[in-house]
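User: I should like to understand the reasoning behind some terms used for protein structures. Please take me through them with an example.

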Amino acid sequence: MTELRRALREAGVEYRVINREYALRSLAADERAAPAVNRIVIDGPTGVAFGYGEPTEPAKALSGFIRSTRSALTILGSEMDGRAYPVPTLNV
């Protein structure tokens with residue numbers, strides 16, 4: 001986990017492990033949040049990567065880390081501007 005956080009921090013990406021119940025409540029309370037995010041992404045222990053620059057940077061940084069370390073982590077999807085994107089559309 002430390003290695004993952006370090007790699008993401010170097011790419012300018014913030015990584016947080018979230019509590020499922022709090023995340024679902026927060027998404028339900030935010031009318032701008034994509035409803036599909038609830039069903040697609042948040043299931044069980046979930047980490048969230050936040051990017052503040054280039055929109056694709058979190059996905060690129062995560063996929064690079066997974067490839068280089070042969071990690072068992074998986075990217076379940078992404079959300080940008082209130083729209084959910086499933087994994088096949090990420091093209092990372």
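Analyst: Let us begin with contact, which means heavy atoms within 4.5 Å. In this predicted model, F65 touches E3, L4, A7, R70, S71 and L73, leaving out residues up to four places away in sequence.

User: What makes a set of residues a nonpolar core, and which residues form the largest one here?

Analyst: A nonpolar core requires buried residues of certain kinds, Leu, Val, Tyr, Ala and Phe among them, joined through side-chain atoms within 4.5 Å. The largest such core has 7 residues: L4, L8, V13, Y15, A61, L62 and F65. At least two residues each come from α1 (2-10), β1 (13-18) and α4 (57-69). The largest share, 3 residues, is supplied by α4. In soluble globular proteins, nonpolar side chains tend to be buried together.

User: Why is F50 called partly exposed?

Analyst: Buried means under 20% relative accessible area and exposed means over 50%, with partly exposed in between. F50 has a relative accessibility of 36%, so F50 counts as partly exposed. This residue belongs to strand β2 (residues 46-51).

User: Which residues does F50 contact beyond its neighbours within four places in sequence?

Analyst: F50 is in contact with G12, V13, E14, R16 and P58. G12 lies 38 residues from F50 along the chain, and their C-alpha atoms are separated by 8.9 Å.

User: How much of the protein chain counts as buried?

Analyst: Of its 92 residues, 23% count as buried. The chain has 4 helices and 4 strands, in the order α-β-α-α-β-α-β-β along the sequence.

Key. Residues are numbered from 1 along each chain as its sequence is written. This is a predicted model: local features need pLDDT of at least 70, side-chain atom pairs count only at pLDDT 80 or more; totals for chains, interfaces and linings use all residues. Side-chain values use heavy atoms; hydrogens and water are left out. Buried means under 20% relative accessible area, exposed over 50%, partly exposed in between (1.4 Å probe, protein chains only).
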